[in-house]
Amino acid sequence: TPLTEQMRNNLSVINNAYALTNIDVKIDNQNQLELNQRVRGDPEKMGIDITRKFVHRVFNNSSWEQGGRLYGAFWHMLPKEYRPYIVIDGKETVEIDFSAMHFRILYARDGLFVPKDEDPYTLIGLTGRAWRKVIKLSCNMMLNSESRDAAKHVIAQEVITTSELPPEYPTLNEFIDAILERHKVIKHHFFKGLGVNLQYIDSVIAEQVILRMLQYGYVVLSVHDSFIVRKVRQGLLHDVMEEVFSEVVNAEVSLDTTKKESNNTEVDIETVMAT
């Protein structure tokens with residue numbers, strides 16, 4: 001169909017750009033051995049094949065509107081803590097991430113707005129990164145599951161047990177109720193199996209962000225709703241991400257930037273000339 005042909009053409013544009021770009025992970029020998037051990041279980045076996053830099057889209061349930069995320073490149077398999085060491089054409093990179101993307105999409109669908117300084121993955125009495133991760137995973141399972149019972153079962157098995165619950169929410173049902181109350185204006189979206197539909201929307205956004213940055217002449221790597229670009233182009237990427245999100249979802253968005261700490265400063269000839 002015209003839609004699938006366009007998808008295929010877009011992938012060709014993206015993969016051709018990756019083919020012409022040197023994409024690598026700049027780490028020392030000790031970190032390389034640790035990475036090999038973690039990924040392959042053997043420090044002497046190469047854990048990540050950096051020649052794998054081509055992507056494809058994976059759809060779900062025989063639908064062109066479910067799933068659609070990009071997979072296949074080595075940075076999709078690279079553990080998160082190693083992603084700051086990715087270099088593009090020898091230049092250091094920065095990663096910019098959409099904050100609570102699926103929640104902001106749902107709020108936008110209902111004509112609502114999540115303030116940029118408000119984190120949807122919080123509950124009263126639960127603070128810190130560890131609890132944020134638990135709340136985030138639980139929220140995603142409540143969005144992905146077809147029923148409350150199914151979500152409760154998966155959360156109990158994979159995320160949290162009763163013994164780990166805080167005094168504020170002594171049972172798993174109370175924990176789930178607290179999340180529903182936290183997001184009561186969109187709670188009708190929970191337990192509807194919407195996860196793959198939301199993934200399709202974020203896959204369209206990712207595709208368009210990459211293509212638009214290529215129009216400016218800069219390669220961007222995506223890990224679902226997170227994007228990696230040369231450090232000196234983070235401002236441009238930030239603007240493009242906001243622009244594309246607004247066009248696709250018709251809402252404002254909050255972005256998080258994760259920077260690699262380095263003693264080296266990349267000098268970009270275009271910036272120097274512009275100055």
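A cavity is taken here as a set of grid points where a 1.4 Å probe fits but cannot get out. With that in hand, the predicted model can be searched for enclosed space, and the count comes to two cavities of 30 Å³ or more. Such a search is a handy starting point, because rolling a probe the size of a water molecule over the atoms shows where empty space is left.

The largest cavity holds about 40 Å³ of space. Its lining is made up of Arg69, Leu70, Asp202, Ser203, Ala206, Ser222 and His224. Two elements, β3 (67-71) and α8, give two or more residues to this lining, and α8 contributes the most, with three residues. Sorted by class, the lining of the largest cavity comprises two nonpolar, three polar and two charged residues.

One of the lining residues, Ser222, leads on to the strands. Ser222 sits in strand β6. Is Ser222 buried or exposed? Ser222 counts as buried because its relative accessibility is 2%, and the cut-off for burial is under 20%. Beyond four places in sequence, Ser222 touches Tyr18, Leu70, Trp75, His76, Ala206, Ile210 and Phe227. Of these contacts, Leu70 and Ala206 also appear in the lining of the largest cavity, while Phe227 is the residue of β7 that Ser222 stands opposite.

That pairing belongs to a hairpin. Strand β6 (residues 221-223) and β7 run antiparallel and are joined by three bridges. Two residues lie between the strands of this hairpin, and His224 adopts a positive phi near 65 degrees there. His224 is also among the residues lining the largest cavity.

Strand β7 (residues 226-230) has a further partner in strand β5 (residues 91-98), with five bridges between the two in an antiparallel arrangement. Within this pair, Thr93 stands opposite Arg230. How far apart in space are Arg230 and Glu92, C-alpha to C-alpha? The distance is 5.8 Å, although 138 residues separate Arg230 and Glu92 in sequence. As for exposure, β7 is mostly covered, with five of its five residues buried. Arg230, found in strand β7, is therefore classed as buried, at a relative accessible area of 18% against the cut-off of under 20%.

Attention now turns to the nonpolar interior. In soluble globular proteins, nonpolar side chains tend to be buried together. The largest nonpolar core of this model has 77 residues, of which Trp75 and Phe175 touch the most other members. Helix α8 (residues 195-215) supplies the largest share of this core, eight residues. Helix α8 thus appears in two settings, the core and the lining of the largest cavity. Trp75 likewise links two parts of the description, as a well-connected core member and as a contact of Ser222.

Phe175 lies in helix α7 (residues 172-182), where the buried residues are Leu172, Phe175, Ile176, Ala178, Ile179 and Leu180. The cover over the buried residues of α7 includes α5 (129-144) and α6 (148-158). With neighbours within four places in sequence set aside, Phe175 is in contact with Leu123, Leu126, Val134, Ile135, Ser138, Leu165 and Tyr169.

For the protein as a whole, the secondary structure comes to ten helices and eight strands. Buried residues account for 47% of the 275 residues. Among contacts with a separation of 6 or more, 70% involve residues 24 or more positions apart.

Conventions: Residues numbered from 1 in each chain as written. Predicted model: local features only at pLDDT ≥ 70, side-chain atom pairs only at ≥ 80, totals over all residues. Heavy atoms only, no water. Buried < 20%, exposed > 50% of the residue type's maximum accessible area, 1.4 Å probe, protein only. Helix = DSSP H or I, 4+ residues; strand = E, 2+ residues; numbered from the N terminus. Pairing = 2+ DSSP bridges. Core = buried A, V, L, I, M, F, W, Y, C linked by side-chain atoms within 4.5 Å. Contact = heavy atoms within 4.5 Å. 1 Å grid on protein atoms, 1.4 Å probe; cavity = no way out; pocket = protein on both sides within 12 Å on 5 of 7 lines; lining within 4 Å. Points joined across faces, edges and corners; volume = space filled by probe spheres on them. Nonpolar A, V, L, I, M, F, W, Y, C, P; charged D, E, K, R; others polar.
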